Amino acid sequence: MVSEKLMTEGVVTEEDLAGRLPNEERMRLRGFAVTECIQEIPCNPCVHACPFNAISMENINAPPVVDFEKCTGCAVCVRSCPGLAIFVIDVSKEETTVTMPYEFIPLPRVGEVVDGLDREGNVVCEAKVVRVLPGEKYDHTSTITVAVPRDLVMAVRHIRLRRSNRDDEGAEERVGT
């Protein structure tokens, strides 16, 4: 069952994610994929993209399910999702991160401070870009990883570049390790 907010506004809620997250003990081990593909639609690129067979579907229309014991948080599924509905969360280290698809230009730069946005586009925090993988090298969808406050790791789902950061465009390398 999907929430009224998803049906009327297209916004995933915590209610929609119930049962789709690992337990707290597993969260502390390593990063993990969160599929926010809630509705039953015919789509399965994430299943075939996962090198660890951690994503499965009951049928072509069923929402994807992540086996958190197999998931390594590698983010290959993030780049393969045409709906931009998969994120990798990592709370296993001191710096908590969210890896997300990013299909805008210019790409942010590693070290850049950006606005962390929630699912409705509201600014919820300041985030620091810690990794950028350009799309031309990775299935045509760029992925970025941002460090965010631990209590907002499940809320931040996009970023907004800050105009003041763009004054020295091209001055720094864009790809982090």
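Which residue is the bridge partner of Gly 116 in strand 9? Hold that while I set the scene. This is a predicted model. Now the reply: the partner of Gly 116 is Ile 159. That pair belongs to a set of 3 bridges between strand 6 and strand 9, residues 158-160. The two strands run antiparallel.

Stay with strand 6, residues 113-117. Strand 6 is largely enclosed by the rest of the structure, because 4 of its 5 residues are buried. Strand 6 also pairs with strand 7, again antiparallel, over 5 bridges. One pair to click on: Val 114 stands opposite Ala 127 in strand 7. Strands 6 and 7 make a hairpin, with 5 residues between them. Look at Gly 121 in that turn: its phi is positive, about 90 degrees.

Now move along to strand 8. Strand 7, residues 123-133, pairs with strand 8 over 5 bridges, in the antiparallel sense. Val 129 has Val 146 of strand 8 as its bridge partner. Strand 5 joins strand 8 as well, through 6 bridges, and that pairing is antiparallel too. There, Thr 97 stands opposite Ala 147.

So how many residues of strand 8 are buried? The count is 6 of 6, over residues 142-147. In a regular strand, side chains alternate between the two faces of the sheet. Here both faces are covered. Ser 142, Ile 144 and Val 146 are buried on one side. Thr 143, Thr 145 and Ala 147 are buried on the other.

Strand 1 gives a similar picture at residues 32-35. Both of its faces are covered. Phe 32 and Val 34 are buried on one side, Ala 33 and Thr 35 on the other. Strand 1 runs antiparallel to strand 4, and 4 bridges join them. Thr 35 has Ile 86 in strand 4 as its bridge partner.

Next, the core. The largest nonpolar core has 39 residues. Which of them touch the most other members? Met 100, Val 146, Val 148 and Ile 159 do. You have met two of those already: Val 146 as the partner of Val 129, and Ile 159 as the partner of Gly 116. Strands 1, 4, 5, 7 and 8 each supply at least two residues of the core, and so does helix 5, residues 76-80.

Zoom in on Met 100. Leave aside its neighbours within four places in sequence. Its contacts then include Val 78 and Phe 87. Ser 142, Thr 143, Ile 144 and Val 146 are also among them. Val 156, Arg 157, His 158 and Ile 159 complete the list.

On to empty space. Rolling a probe the size of a water molecule over the atoms shows where space is left. The largest pocket holds about 610 Å³. It is lined by 32 residues, and those closest to its centre are Glu 36, Gly 83, Leu 84, Ala 85 and Phe 87. Helix 4, strand 4 and strand 5 each supply at least two lining residues. By type, the lining is 22 nonpolar, 5 polar and 5 charged.

There is also 1 cavity of 30 Å³ or more. Its volume is about 70 Å³. What about charge in its lining? The lining has 10 nonpolar residues, 2 polar and no charged. Cys 50, Cys 71, Cys 74 and Cys 77 are among the lining residues, and so is Ala 33.

Last, some backbone details in the loops. Leu 84, from the pocket lining, sits between helix 5 and strand 4. Its phi is near 55 degrees, positive although Leu 84 is not a glycine. Is Leu 84 buried, partly exposed or exposed? Partly exposed, because its relative accessible area is 33%.

Asn 53 also has a positive phi, about 55 degrees. It lies between helix 4 and strand 2. Asn 53 counts as exposed because its relative accessible area is 55%, and the cut-off is over 50%.

Glu 94 is in the loop between strand 4 and strand 5. With a relative accessible area of 84%, Glu 94 is exposed. Its C-alpha atom is 19 Å from that of Ala 33.

One more stop: the peptide bond from Ile 105 to Pro 106 is cis, with omega near 0 degrees. Pro 106 lies in the loop between strand 5 and strand 6.

How values were computed. Residues are numbered from 1 along each chain as its sequence is written. This is a predicted model: local features need pLDDT of at least 70, side-chain atom pairs count only at pLDDT 80 or more; totals for chains, interfaces and linings use all residues. Side-chain values use heavy atoms; hydrogens and water are left out. On a 1 Å grid over the protein atoms alone, a cavity is a set of points where a 1.4 Å probe fits but cannot get out, and a pocket is an open set with protein on both sides within 12 Å along at least five of seven lines; lining residues have an atom within 4 Å of a point. Grid points are joined across faces, edges and corners, and a volume is the space filled by probe spheres set on the points. Ala, Val, Leu, Ile, Met, Phe, Trp, Tyr, Cys and Pro count as nonpolar, Asp, Glu, Lys and Arg as charged, and the others, Gly among them, as polar. Buried means under 20% relative accessible area, exposed over 50%, partly exposed in between (1.4 Å probe, protein chains only). Two strands pair if DSSP finds at least two bridges between them. A nonpolar core is a set of buried Ala, Val, Leu, Ile, Met, Phe, Trp, Tyr and Cys residues joined through side-chain atoms within 4.5 Å. Contact means heavy atoms within 4.5 Å.
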